[in-house]
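Biologist: I am new to this structure and would like to go through the ligand and the empty spaces around it with you. Could we look at it together?

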Amino acid sequence: MSSARYYADPAVATQFATELLMKAGLNEEHAKSMANCLVLADIRGVDTHGLARLPQYIDRVSNGRVNANPNFKFTEKTPVVAHMDGDNGFGFVVATRAMEEAIKRAEIYGIGLVVANHSNHFGMGATYVMQALEKDMISLVFTNSAKQMPPFGGKETLLGISPFAAGAPSGKEVPYILDMAPSVVAKGKIRRAARRGESIPLGWAVDADGNPTTDAEIALNGSMAPIGGPKGSGIAILMDIMSGVLSGSAFGGEVGDQYKDTKPQDVGHCFIALKQDIFLSAADFKARMDTLVQRVHNVTPAPGFNEVLFPGEPEHRLGVQRRKEGIPYADAEKQMFIDIAKKFGVSELPLADSALSLA
Ligand SMILES: NC(=O)c1ccc[n+]([C@@H]2O[C@H](COP(=O)([O-])OP(=O)(O)OC[C@H]3O[C@@H](n4cnc5c(N)ncnc54)[C@H](O)[C@@H]3O)[C@@H](O)[C@H]2O)c1
């Protein structure tokens, strides 16, 4: 398979995805919101959760498994806490609205917490952390997801490999953005390897009989390996408590699988936003964050490392580069964009054979 890359301007890619999602029945506001989330993942190099997933999302909404026009309902539980019914809308749109509501409450009361049920897969967890960072907020983001991993010591899958994400603003240094699945890798990385005909490293997943495998296709039918045994398993259970048990959504292995099930997924999420200046001034908080980043950077690299990075920094760097050079897509994605544009009668996504030079 060729290793050629084709570059898209992120703004044009967002417009392309917006048009496709509108053709699939979403209103312009929701289509734009979801397109922004998908392109942001590609910009940050989390291309397992970017535009490559469009066909599958569009299939699900086209056959009525996701509601194209959800009617969100908010129930105020206390001044700082609200519940959102996502009405089976796309997780991207539900999550963006829910975080917006959590931030609104935090702006007034210092902290805001919103849980959502009746939602769907929301993609890259960092998306909603970055939404909070735009308002200078610290945040915690939880979601649950379809079962992919056994609990520690078990043979059958029961837990999702649901990402935990958290963020905190800094001053002139990079912000803290942790976004991690409790499995050794996100399943999207195995799906991407399968799509590109590549093998996967040992230790990422096991086959259906529990044997380690490097075959991405076989791994897709097996299960994912948790990070740190009982620790990864324990975090996956926490994700289910905060998102599923707490919100009233499906939990404990009952979240629908977006690739296999025809029923609504009923994913749950939880978003917590916290003002940075509750205890200290904003300037003090940011200066202290900058000191923390610098102290991490100043640690002597261990053998095999050139530098020590802050959580989120690898994606931040790629983001800076891709906003200038465009997003590189592989042959498989290029062909998919051509096919999907033809299918829905929208203009093809313009792709360049070499890096762009964007303002
Ligand atoms: N919505 C879902 O159901 C779902 C499920 C699984 C994963 N995902 C998404 O998949 C994506 C990938 O997840 P993952 O667990 O494979 O992430 P990952 O292993 O690529 O990264 C995990 C974290 O480690 C940090 N990191 C990586 N290298 C580093 C370094 N050298 N120094 C400092 N920090 C470093 C990253 O910034 C990130 O915060 C995430 O965006 C996640 O939200 C979504």
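Biologist: Which element gives the largest share of the shell around the ligand?

Modeller: This is a predicted model, in which local features need pLDDT of at least 70 and side-chain atom pairs count only at pLDDT 80 or more, while totals for chains, interfaces and linings use all residues. Residues are numbered from 1 along each chain as its sequence is written, and side-chain values use heavy atoms, with hydrogens and water left out. The shell has 23 residues, each with a heavy atom within 4 Å of the ligand. Four of the shell residues, the largest share, come from a strand (strands being DSSP runs of E with at least two residues, and helices runs of H or I with at least four, numbered from the N terminus), and that element is β9.

Biologist: Which backbone lies 2.8 Å from an oxygen atom of the ligand?

Modeller: Polar contacts here are pairs of N or O atoms within 3.5 Å. A nitrogen atom of the ligand lies 2.9 Å from a polar backbone atom of Gly123, and a ligand oxygen atom is 3.3 Å from a backbone N or O atom of Ile177. The polar backbone atom at 2.8 Å from a ligand oxygen belongs to Gly312.

Biologist: How much of the ligand does the protein bury?

Modeller: Accessible areas come from the Shrake-Rupley method with a 1.4 Å probe. Taken alone, the ligand exposes 860 Å², and the buried part of that is 77%.

Biologist: What is the volume of the largest pocket?

Modeller: A pocket is an open set of points on a 1 Å grid over the protein atoms alone, with protein on both sides within 12 Å along at least five of seven lines, and its lining residues have an atom within 4 Å of a point. The ligand takes up the space of the largest pocket, which is lined by 42 residues, His49 and Pro163 being among those nearest its centre. The volume, meaning the space filled by probe spheres set on the points, which are joined across faces, edges and corners, is about 860 Å³.

Biologist: How many charged residues does the lining of the second largest cavity have?

Modeller: A cavity is a set of grid points where a 1.4 Å probe fits but cannot get out. The second largest cavity holds about 30 Å³ of space, and its lining includes Asp42, Arg195 and Glu333. With Asp, Glu, Lys and Arg counted as charged, the lining divides into three nonpolar residues, no polar ones, and a charged group of five.

Methods. A polar contact is a pair of N or O atoms within 3.5 Å; within protein, one must be able to donate a hydrogen and the other to accept it, and residues adjacent in sequence count only if both atoms are side-chain atoms. A molecule sits in a cavity or pocket if more than half of its atoms lie within 2 Å of its grid points.
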